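Hi there,

Here is the structure I promised to pass on to you. Have a look first, and then read on for my notes.

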Amino acid sequence: MEKLVKGEACELDNGKNYIVYSQVEYNGNDYVFLISNFTPVEIRFAKQYIEADELKLELVTDPEEKQTLLAIFNEKNNE
């Protein structure tokens, strides 16, 4: 099983589909910036990892962590 990269689609536990807008490594973790492919548009951040040969996505729910990741993704995408 491979981790998600920019442009790939995934389905979250909520049954909705998202597209990977960007991916970044931060503090030893691999995060993806997800944008929904439906309206109204939803944005999610998730930590991705492989467990027992299966891709796992753990949604980021902490507001401070979301702000930190948003800044990191903005910086990466403005390079």
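Below is what turned up, sorted by topic.

Please keep in mind that this is a predicted model.

**The β4–β5 hairpin**

Let me begin with the pairing of two strands. Strand β4 covers residues 43-51 and strand β5 covers residues 54-59; the two run antiparallel and are joined by 6 bridges. If you want a register mark, take A46, whose bridge partner in β5 is L59. The hairpin has 2 residues between its strands, and A52 takes a positive phi there, near 55°. A52 is not a glycine, which makes that positive value worth a look. A52 is also exposed, because its relative accessible area of 77% is over the 50% cut-off.

**Backbone points in the other loops**

Most residues other than glycine have a negative phi, and most peptide bonds are trans. With that in mind, two more places deserve a check on your screen.

- N27 is another residue with a positive phi, about 50°, although it is not a glycine. N27 sits in the loop between β2 and β3 and counts as exposed, at 63% relative accessibility.
- T39 and P40 are joined by a cis peptide bond, with omega at about -5°. P40 belongs to the loop between β3 and β4.

**Salt bridges**

How many salt bridges are there? The count comes to 4.

K3 pairs with D30, and their closest N and O atoms are 3.6 Å apart. K3 lies in the segment before β1 (9-11) while D30 is in strand β3 (residues 29-36), so this contact ties together parts that are 27 residues apart in sequence. The two ends sit in unlike surroundings: K3 is partly exposed at 35% relative accessibility, whereas D30 is buried at 8%.

E42 and K16 also meet through their side chains, at 3.1 Å from N to O. This pair links distant parts of the chain, with E42 in the loop between β3 and β4, K16 in the loop between β1 and β2 (17-26), and 26 residues separating them. E42 has 17% relative accessibility and therefore counts as buried, since the limit is under 20%. K16 is partly exposed, with a relative accessible area of 32%.

Back in the hairpin, E54 forms a salt bridge with K56, the closest N and O atoms being 3.8 Å apart. Both partners are partly exposed: E54 has a relative accessible area of 44%, and K56 comes out at 26% relative accessibility. Elsewhere, salt bridges that share partners join K16, E42 and R44 into one network.

**Aromatic contacts**

The search of the whole structure finds 6 aromatic pairs. I will describe two of them here.

In the pair of Y26 and Y31, the ring centres are 6.5 Å apart and the planes meet at 50°, so the pair is tilted. Y26 is partly exposed at 29% relative accessibility, but Y31 is buried at 5%.

How are the rings of F33 and F73 arranged? Their planes stand at 90° and their centres are 5.4 Å apart, so the pair is edge-to-face. This contact links distant parts of the chain, because F33 is in strand β3 and F73 is in helix α1 (residues 63-77), 40 residues apart, with strands and helices taken as DSSP runs. Both rings belong to buried residues: F33 has a relative accessible area of 7%, and F73 has 0%.

F33 and F73 are also members of one aromatic cluster, together with Y21 and F45. Y21 has a further contact, as the charged end of K6 sits over the Y21 ring, 6.0 Å from its centre.

**Where to look**

If you only have a few minutes, I would open these views:

1. The cluster of Y21, F33, F45 and F73, with K6 over the ring of Y21.
2. The network of K16, E42 and R44.
3. The cis peptide bond between T39 and P40.
4. The two positive phi values, at N27 and at A52.

Happy to talk any of it through once you have had a look.

Best wishes

Definitions and conventions:
Residues numbered from 1 in each chain as written. Predicted model: local features only at pLDDT ≥ 70, side-chain atom pairs only at ≥ 80, totals over all residues. Heavy atoms only, no water. Pairing = 2+ DSSP bridges. Helix = DSSP H or I, 4+ residues; strand = E, 2+ residues; numbered from the N terminus. Buried < 20%, exposed > 50% of the residue type's maximum accessible area, 1.4 Å probe, protein only. Phe/Tyr/Trp six-rings, centres within 6.5 Å; stacked < 30°, edge-to-face > 60°. Lys NZ or Arg CZ within 6 Å of the ring centre and 35° of its normal.
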